[in-house]
Amino acid sequence: MQILVTGGAGFIGGHLAESFVADGHDVVVFDSFDAYYHRGIKDHTVERCRAVAAESEGSYTLRRGDIREREDVRAAFDAAAPDVVYHQAAQAGVRISVEQPTHPNAVNVGGTLTVLDAARETGVDRVVIASSSSVYGKTHYLPYDEDHPQEPVSPYGVTKLAGDHYARVYDDLYDLSTVCLRYFTVYGPRMRPNMAISNFTSRCLNDEPPVIYGNGAQTRDFTYVDDVVAANRTLLTSDAADGMVLNVGSGDTIDITELAETVRDLVNPDLGIEHRERIAGDAEHTQADVSRARDVIGYEPTTPIREGVERFVEWYRANREWYEPLVVASREGGS
Ligand code: NAD
């Protein structure tokens, strides 16, 4: 099949592109290589996808462009002629959205609308959109099912919720199927370096205590990237979820103190834990009820957090030479 992955040089989009190329599909990646974190990580992702394409029946094409630019997007759709679009491009991250709220709005709301509109105009079958647990925000009950009130507590959450609404309206009004997958904190190889598991690992390997923002009592549902890929893969050929929103999480939860201790105990048990001021806009708790995804697409999370963290730490050690300098450079703001 012909598949377009926006944001396909990024963390999750890169894993999706790699998996589809390995299966022999023709994949076009559309990505601006934004400066959010060091682009060297994206270069590795692209190299990896090219290497996989060389060994498979599939093809991999990289197009640089910005989802806010209608002409860039339309040219990519015309060139790729996709059956299915996986829209992963976004300005991810809560903190940057609190600091510069208009930028994530332009990319995540304006850009998503541009992608949906190009899909409508070019006769794409389905657009699968990366949504987020951030749309829930204030916790009324746990775990969150998809009908839980949506009261985002960050500008980022608002942008992702707006994307969900646009997707629903496009599915209703036009001959275009859309599915929104609400990811719950995703981690794994080549993950964004500013996320907790990557940061904890990097600091512990360098004999620095992991840093927790706030008291560490926040709880999170962490999802291993392979489970996210598996959920997306079912939507390549199935129309079962068309028009729907589905949670994609592990269904489990861990508090941030326990997570930091887990990484620390794996890497360097002698270290303490450092606390810094809580990040504004961060949700207090997240936990996915994945029953709808289980019923509709047969989604089954397979990686418990402890096992996933062990796999990530192992991957980090094996790739430390190239990944760590990029993690450190990203932490210092370089890209
Ligand atoms: P990422 O930053 O690694 O990937 C996003 C990619 O989009 C990057 O490669 C970036 O260069 C590209 N991009 C940004 N702005 C663009 C633009 N204007 N035009 C074209 N490309 C652009 O982030 P990720 O963690 O892989 O997230 C992928 C998607 O999943 C995002 O939509 C994000 O909101 C969503 N999500 C991620 C998580 C998570 O925990 N990682 C959780 C919930 C939702």
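This report describes the overall dimensions, the strand pairing and several individual residues of a predicted protein model.

## Basis of the values

Because the model is predicted, local features are given for residues with pLDDT of at least 70 and side-chain atom pairs count only at pLDDT 80 or more, while totals for chains, interfaces and linings use all residues. Residues are numbered from 1 along each chain as its sequence is written, and side-chain values use heavy atoms, with hydrogens and water left out.

## Overall form

The protein chain contains 12 helices and 13 strands, where helices (H or I, at least four residues) and strands (E, at least two) are DSSP runs numbered from the N terminus. Its radius of gyration, taken over C-alpha atoms, is 19 Å, which agrees with the value near 20 Å that a compact globule of 335 residues would have; the globule rule behind that comparison is 2.2 Å times the number of residues to the power 0.38. Along the principal axes, the C-alpha atoms of the protein chain fill a box of roughly 55 × 45 × 35 Å.

Of the 335 residues in the protein chain, 56% are buried, a term that means under 20% relative accessible area, with exposed meaning over 50% and partly exposed lying in between (1.4 Å probe, protein chains only). Among the contacts with a separation of 6 or more, 81% are between residues 24 or more positions apart, contact being defined as heavy atoms within 4.5 Å.

## Surface and charge

The protein chain exposes about 13400 Å², of which carbon and sulfur atoms supply 45%; accessible areas come from the Shrake-Rupley method with a 1.4 Å probe, and for residues only the protein chains shown count as cover.

There are 31 positive and 53 negative side chains in the protein chain, and the centres of the two sets lie 4 Å apart. In this count Lys and Arg are positive and Asp and Glu negative, with His and the chain ends not counted, and the place of a charge is taken as NZ of Lys, CZ of Arg, CG of Asp or CD of Glu.

## Parallel strands β1, β4, β5 and β6

Strand β1 (residues 2–6) pairs with β4 in the parallel sense over 4 bridges, two strands being paired if DSSP finds at least two bridges between them; within this pairing, I3 has V84 of β4 as its bridge partner. Strand β4 also pairs in the parallel sense with strand β5 (residues 126–132), again over 4 bridges, and here the bridge partner of H87 is I129 in β5. Strand β5 in turn pairs with β6 in the parallel sense over 7 bridges, with A130 matched to L181 in β6.

In a regular strand the side chains alternate between the two faces of the sheet. In β4 (residues 84–87), V84 and Y86 lie on one side and V85 and H87 on the other, and all of them are buried, so that both faces are covered. Both faces of β6 are likewise covered, with S177, V179, L181 and Y183 buried on one side and T178, C180 and R182 buried on the other. Since 7 of the 7 residues of β6 (residues 177–183) are buried, this strand is largely enclosed by the rest of the structure.

## Backbone features in loops

The peptide bond from L142 to P143 is cis, with omega near -10°, and P143 is found in the loop between β5 and α6 (155–173).

Two residues that are not glycines have positive phi: R190, at about 65°, and D207, at about 60°. R190 is in the loop between β7 (186–187) and α7 (196–205) and counts as buried because its relative accessibility is 7%. D207 is in the loop between α7 and β8 (211–213), and its relative accessibility of 53% is why D207 counts as exposed.

## Two buried serines

S198 is found in helix α7 and is buried, with a relative accessible area of 0%. Leaving aside neighbours within four places in sequence, S198 is in contact with M191, R192, P193, F312, Y316, Y323 and V327. The C-alpha atoms of S198 and V263, which are 65 residues apart along the chain, are separated by 9.6 Å.

S330 is placed in helix α12 (residues 320–331) and counts as buried at 14% relative accessibility. Not counting residues up to four places away in sequence, S330 touches Y37, H38 and P193. From S330 to F33 the C-alpha to C-alpha distance is 14 Å, with their positions 297 residues apart in sequence.
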